[in-house]
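Grab a pencil and work through these exercises on the model shown below. Each one comes with a worked solution.

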Amino acid sequence: MISFLLIFISSLFFMGILIRTKSLASGRKGPGIMQPMRDIIRLLRKGAVYSRTTSYIFQIAPTVYFASVLAALLVVPFGSRSGFISFNGDFVFFAYVLAMGKFFSIIGALDTGSSFEGMGASREALFSMFAEPAFFILMGSFSLLTGFTSFHDIFSSLHLASHFAPGAELTRETYLSYVLAVLATFVLVMIAMTENSRMPVDDPNTHLELTMIHEVMILDNSGFDLGLILYTTSLKFAMYGALIANFFLDGMALPFGIMLFFVVQFLFAVSAGLIESFMARFRMGHNPQFIFILSSVSLLIFFAVLLLTGKFV
Amino acid sequence: MNCTNIKNNQTIDHAEIPILVYDEFLQINAVETSDLQNLHCVNYFAHYFNDKIKLICCIADDDSHTIRVSSSVVDKNQRLSSFTKHNTTFEKFEREISENFGIKYVDHPWLKPVRYPENQFDKKNTVENYPFFEIHSEELHEVGVGPIHAGIIEPGHFRFICNGEQILHLEIQLGYQHRGIEELFLKKKKLLQKILLAENIVGDTPVGHTVAFVNLWESLCGFDASLKLQFDRFLALEHERIAIHTGDLSAICTDIAYQLGSSVFGRLRTPIINYFQIWAGNRFAKGLIRPFKTNFSFNTELLEKWKETIAKYEPDFREMSQTMSTLPSVLARLEKTGIVSEETVRALGCVGLSARASGSERDIRKTHPFGIYETLNHQPIVKRHGDVYSRTQIRKEEILQSIDYIRKMLDEMPAESKNITEKYQPAPSSFTISLVEGWRGEICHCAITDENGELAVYKIKDPSFHNWTALAMAVRNNEISDFPICNKSFNLSYCGHDL
């Protein structure tokens, strides 16, 4: 419940902070923090225009996409406080409900019959497919480590924060858990960048259809639908931010927890902005390689977990 | 003699151009030039001549710094053997001649429309029924881009034949921007109208084209520009090169989503292009170059201002170039992307920086210098790889070279000269050719006057004319998502091609 609310609040600011970071890094003043949200609200108040070549698939796709993210949010916990629902294997539910949303956005793009959107859809499908093993190896490793299979149980038994409590012993295992959490953060940040079609995989600011991935898929969407899709991106960012925050929240007292949550979201947005400012995006053909790196980092976590739990050697 | 040798900007009597039998004309211009690297065609065009068609071919000889001009007279509707069969650099020229005059070349491999002019020979040739190269395959797919561009640039239609993400073939259909500039040069009788036309041939090369026009016009009128006038024109040309190259670097960074480079080069371009505003009241230097005179003579005050502008520009530019050329993610995008081999460049007759990026040394400033360039002893910057990175590096180095040249020349700024008051008229029945190395490459203007001294033929060749084909070759076997960066690295003009 609390995570749902906090994710909603941070989704309002996330893109604003990201864009502001980029503006400041390039020496511009940049728009206000709320500008992306204002644009979305403006779009939401508009009607949508539909091409005559599209069918009902194209019309329901943005709504299904948005709904899938909302459904995925239900299982995201807040430290030791569970989300709306929590059950064994809910991270599988999380991944595939998002995949369903993606599936609809892909067939929605194909529905327009445009060669650009077909290209974008095929790229999006390919890159999402490559990102999937990274997420599952990561979450699988953590369930192996903790012996649980739901987000809530995994996060509440990691106990990363409690080591800071006075009198707590710092063992080798603790250090290793921190290393794991940092690696997991890296993987999650990069999955979030891939899934949200940001740099270095995709360039959200380009006007060049031939190089786009996600942007080209939504070329035909307008008004309310476009607003919904744009807001879903903010929401997804905040959702991945919440997952990252969860590694460090543990059983922290609520006021500190909330503060830490927003700090993590803020740092996430700023680092995403900095990545986009100081490097060029990848060549399209190098993207699969890059996304595979995420899987290999996840594998690293997996082997570390095997070592930790004594299943290896 | 089967041809006349003239210098750049030299006016000769129209009758001095030898008229050859077509077979001999073909032999000396196409067959004999095909293997020689120092010879390339700068302009090949036709005009009506007593109910017949006269073909005029201008071949530039880089070693002797001369231009060979020869001509041939053929009948309308005559079926001719094409130059292209022997020398592919004539491909575009012959397409244009065929489109305008209805000459049917029997062995031209690619006789397609160029720009659908209003007075073309076959009125049924329209933009709608362009004969695209087609493939019939289940596995390949076509992607059409344009003519309405997603950005703010001009219209052109690109049709890709792709195997998945890989481009197998690109066909570029242009002609949407055709305004009949060459015809307008004949219709507009006032000199001011003509120079305004020259300014607007290509929006991003006003200095290049106006210098080509004034050189030509002054030569036709037998006017020798004072050293100061030539100095001003040299300055404007090199400054335009700095300005546009910097803007291009910014655009290349934008296309690979390198925000730092994009905004820093963008910021650096502004004071450079604004310098023209200070000098001539227009950021693109419109109104700066005028025949016989200048309305905005370069003075010591402007000199100081220029030094000040560059003093601020240069350190930042060097730092940003250094950062950009050492950043792995940038290099990964630019290197080995859009390669054009030297062989291809020569076969297509490419000019300018796109040719120099592939190892061709072609540079009018060196081979056919005029004015200040004659004393400059210019050494062209040449890269060998022919990829996007080479074209980026050439821009960086040419900027620094141009700054050096201007700096060197500012020390010996010639004294102010008075604008002349007497009127000059073009010589009757004359032919003149003018070559200028604009920032994009070789600009060629040719003019023929009638017996009253009025323009009878005006022919323009912009560097984009041939280089568009090089772009189509560059993207082959590249990823389709790399097309925009290849395109940007050439930065060709649509209206320069379409005229």
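What follows is a set of four exercises, each solved step by step.

This is a predicted model, in which local features need pLDDT of at least 70, side-chain atom pairs count only at pLDDT 80 or more, and totals for chains, interfaces and linings use all residues. Residues are numbered from 1 along each chain as its sequence is written, while chains are lettered from A and ligands numbered from 1 in the order in which they are written.

**Exercise 1.** Work out how the span of helix H6 of chain B compares with the expected one, and whether the helix is enclosed.

- Step 1: Helices (H or I, at least four residues) and strands (E, at least two) are DSSP runs, numbered from the N terminus.
- Step 2: H6(B) covers residues 227–255, 29 residues in total, and its first and last C-alpha atoms are 42 Å apart.
- Step 3: The expected span is 1.5 Å times one less than the number of residues; here that is 42 Å, and the helix comes close to it.
- Step 4: A residue is buried with 20 or more other C-beta atoms within 10 Å of its own, exposed with 12 or fewer, and partly exposed in between, with C-beta atoms placed from the backbone.
- Step 5: In H6(B), 25 of the 29 residues are buried, so the rest of the structure largely encloses this helix.
- Step 6: Just past H6(B), Ala257(B) has a positive phi of about 60 degrees.

**Exercise 2.** Describe how the two domains of chain B meet.

- Step 1: An automatic or database domain assignment gives the bounds: domain 1 is 4–114 and domain 2 is 206–462.
- Step 2: Their C-alpha centres lie 28 Å apart.
- Step 3: Counting contacts (C-beta atoms, placed from the backbone, within 7 Å), domain 1 of chain B supplies 24 residues and domain 2 of chain B supplies 27.
- Step 4: On the domain 1 side, S4(B) gives the largest share, six residues.

**Exercise 3.** Find which helix of chain A gives the most to the side that touches chain B.

- Step 1: The contact involves 24 residues of chain A and 26 residues of chain B.
- Step 2: Helix H10 (residues 254–278) of chain A gives the most, three residues.

**Exercise 4.** Lay out the sheet that contains S12 of chain B.

- Step 1: Strands pair if DSSP finds at least two bridges between them.
- Step 2: The open sheet runs S2-S12-S13-S14 in chain B, with antiparallel pairing.
- Step 3: S2 and S14 (455–461) of chain B are the edge strands, each pairing on one side only.
- Step 4: Seven bridges join S12(B) to S13(B), and Ile433(B) has Cys446(B) as its bridge partner.

Definitions and conventions: Two residues are in contact if their C-beta atoms, placed from the backbone, lie within 7 Å.
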